[in-house]
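Here are a few short exercises to work through with the structure open beside you. Try each task before reading its solution.

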Amino acid sequence: MLHYTLLQRVALGDEGAKLSLDVNEDKLRESVQMHMQNMFNVRQGSVTALDDYGLPDFNDLDMSSGYMKAVTEMRKAIKLALEKYEPRLDRVRVRYLQNDDNPLDLRFEINAHMAIPESPVRVRFQTMMANDGLCKVVG
């Protein structure tokens, strides 16, 4: 059985009053996407109860070994965050999408299986990290 998050129930009003949701692939995908975007815009260490929730600040990563090493660390951080804090996804794969025209463009593609009871669905999302540090997730 799949459930709305507390904030989703509040935002949905009467519809959110019921704890469980009908398994609708589009609604579930939208919920996962919204959670990923929220989680990726939280910096690790800023949530007292969950010190590892969110992503590290890219600017704080060790660049002494080069830009691509920092990109690899961010890719791993995204994968770990999803595996730990997004239980509706499994078989998560994250890859860096290099942009030769703009090498500082930081984008990742996320491929996974969305855990719909009895019929998992493949999903693909893309993250785009802007210069202001905010992350946008599209699917």
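**Exercise 1.** Find the strand that holds Asn111, and decide whether Asn111 is buried or exposed.

*Solution.* Start with the place: in this predicted model, Asn111 sits in strand β2, which covers residues 106-114. Next, look at accessibility. Buried means under 20% relative accessible area. Asn111 has 11% relative accessibility, so it counts as buried.

**Exercise 2.** Work out which residues Asn111 touches, leaving out those up to four places away in sequence, and find the polar contact of its side chain.

*Solution.* With those sequence neighbours set aside, Asn111 touches Arg91, Val92 and Arg93, plus Val123 and Arg124. For the polar contact, go to Glu109: its side chain and that of Asn111 are paired at 3.1 Å.

**Exercise 3.** Lay out the sheet: what is the strand order, and which strands are at the edges?

*Solution.* The sheet is open, with four strands in the order β1-β2-β3-β4 and antiparallel pairing. At the edges you'll find β1 (89-96) and β4 (135-138), each pairing on one side only. On average, neighbouring strands are turned by 20° against each other, ignoring direction. Now zoom in on β1 and β2: they run antiparallel and are joined by six bridges. Leu89, for instance, stands opposite Met114 in β2.

**Exercise 4.** Which strands do helices α2 and α3 touch as they pack on the sheet?

*Solution.* Take α2 (residues 25-40) first: it touches β1, β2, β3 (121-129) and β4, and its direction makes about 30° with that of β3. Then α3 (residues 67-85): this helix touches β1, β2 and β3, and its direction makes about 165° with that of β1.

Note on methods
Residues numbered from 1 in each chain as written. Predicted model: local features only at pLDDT ≥ 70, side-chain atom pairs only at ≥ 80, totals over all residues. Heavy atoms only, no water. Helix = DSSP H or I, 4+ residues; strand = E, 2+ residues; numbered from the N terminus. Buried < 20%, exposed > 50% of the residue type's maximum accessible area, 1.4 Å probe, protein only. Polar contact = N/O pair within 3.5 Å; in protein donor to acceptor, adjacent residues only side chain to side chain. Contact = heavy atoms within 4.5 Å. Pairing = 2+ DSSP bridges. Axes fitted to C-alpha atoms, helices over the stretch in contact; angles between N-to-C directions.
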